[in-house]
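Welcome! Please have the sequence and the 3D view open, and try each exercise before reading its solution.

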Amino acid sequence: MPSSPQTIDALLTRSEQIAGLTLAEIAAHLGVQLPANARKEKGWTGQLIELWLGATAGSKPQQDFPHLGVELKTLPIDRNGRPLESTYVCMTPLLNARGETWQSCNVRNKLAQVLWVPILAERAIPIAQRIVGNALLWRPSAAQETILKQDWEELMEAVAFGQIEQLTARHGEALQLRPKAANSQVRTKAIGPNGQIIETLPRGFYLRRSFTESLLRNYF
DNA sequence: AAGTGATCATGT
DNA sequence: ACATGATCACTT
């Protein structure tokens, strides 16, 4: 069981060791079983890489490597290096939307420094044969942070003013709000149009594919 | 093909 | 119920 890296250099070295390997090879190193039904175990790849890199397992709303200030994200890409999916960031606070600021919010905290681990993961490739790419440690540029901050403030203002039901995935240039729940029947409390408490579908913040694609391009 | 809304597994 | 890890699946 890998221990948690104590320095960023150690983390990067660890990530370099799996560049070019298939997920089956990494699973074998770790003694992890391949998923019987990969379509259902959607988080398996991310958890495998977490294990290899020694991320703190668990479901706490924090960075994966708190002592390093680094968040880990696997990023499914096609053969041209284009992201195949949007990237989940964190849950959207719907009830205490006021009292949150960009400086203090979880989105900013998680995106302050991200180790992106690209995975060649076209759907036609069986999960065992998917290949890990070269990881890159990213910090948002001033321009990128400006966009993220603007999106976050626009979305959270709507949430704070009881407009959650009017928000869709079409809002936001880089950050979007989408459902984040076991199914569409799940409910959580939110602020309603008249300031009352309403029940609504839980939402999460996601990075658009176009945003992660552009940040990848800056490295290659 | 792209984008949005829905969903699956697991741990606390 | 809420948070993590995300991708699936349907509409446009």
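## Exercise 1: DNA strand B

A backbone N or O atom of alanine 169 sits 2.8 Å from a phosphate oxygen of DNA strand B; a polar contact here is a pair of N or O atoms within 3.5 Å. The model is predicted, so local features need pLDDT of at least 70 and side-chain atom pairs pLDDT 80 or more, while totals for chains, interfaces and linings use all residues. Residues count from 1 along each chain as its sequence is written, chains are lettered from A and ligands numbered from 1 in the order in which they are written, and side-chain values use heavy atoms, without hydrogens and water.

Task: describe the protein surface near DNA strand B, where near means that a heavy atom of the residue lies within 4 Å.

Solution, step by step:

1. Start with the neighbours: 19 residues surround DNA strand B, and Lys42, Ala169, Arg178, Ala181 and Ser184 are the closest.
2. Sort them by class: six are nonpolar, five polar and eight charged. Ala, Val, Leu, Ile, Met, Phe, Trp, Tyr, Cys and Pro count as nonpolar, Asp, Glu, Lys and Arg as charged, and the others, Gly among them, as polar.
3. Look for phosphate contacts made by side chains: an N or O atom of glutamine 176 is 3.2 Å from a phosphate oxygen of DNA strand B, and one of arginine 208 is 3.0 Å from a phosphate oxygen of this strand.
4. Find the main contributor: strand S6 (residues 175–179) gives the most to this surface, with three residues. Strands (E, at least two residues) and helices (H or I, at least four) are DSSP runs, numbered from the N terminus.

## Exercise 2: DNA strand C

Task: which element gives the most to the surface near DNA strand C, and which side chains reach a base oxygen?

Solution, step by step:

1. Count the neighbours: 26 residues surround DNA strand C, and the closest are Thr74, Tyr88, Lys110, Lys180 and Tyr206.
2. Rank the elements: S1 gives the most, with four residues.
3. Check the bases: a polar side-chain atom of lysine 42 lies 3.2 Å from a base oxygen of DNA strand C, and one of arginine 178 lies 3.3 Å from a base oxygen.
4. Check the backbone of the DNA: a side-chain N or O atom of lysine 110 is 2.7 Å from a phosphate oxygen of DNA strand C.
5. Sort by class: six nonpolar, seven polar and 13 charged residues make up this surface.

## Exercise 3: Two helices

Task: which residues of H3 and H6 are buried (under 20% relative accessible area, with over 50% exposed and partly exposed in between; 1.4 Å probe, protein chains only)?

Solution, step by step:

1. In H3 (residues 44–53), the buried residues are Trp44, Thr45, Leu48, Ile49, Trp52 and Leu53. They lie on the same side of H3 because their arc around the axis, taken from the directions to the C-beta atoms, is only 165°.
2. Glycine 54 follows H3, with a positive phi near 75°.
3. In H6 (residues 209–217), Phe211, Thr212, Glu213, Leu215 and Leu216 are buried.

## Exercise 4: An aromatic pair

Task: how are the rings of tryptophan 138 and phenylalanine 211 arranged?

Solution, step by step:

1. Apply the rule: rings of Phe, Tyr and Trp (its six-membered ring) pair if their centres lie within 6.5 Å, with planes under 30 degrees apart stacked, over 60 edge-to-face and the rest tilted. The count comes to four aromatic pairs.
2. The centres of these two rings are 6.1 Å apart and the planes meet at 80°, so the pair is edge-to-face.
3. Locate the partners: tryptophan 138 is in strand S5 and phenylalanine 211 in helix H6, 73 residues apart.
4. Widen the view: Trp116, Trp138 and Phe211 form one aromatic cluster.

Technical notes:
Near = heavy atom within 4 Å. Polar contact = N/O pair within 3.5 Å; in protein donor to acceptor, adjacent residues only side chain to side chain.
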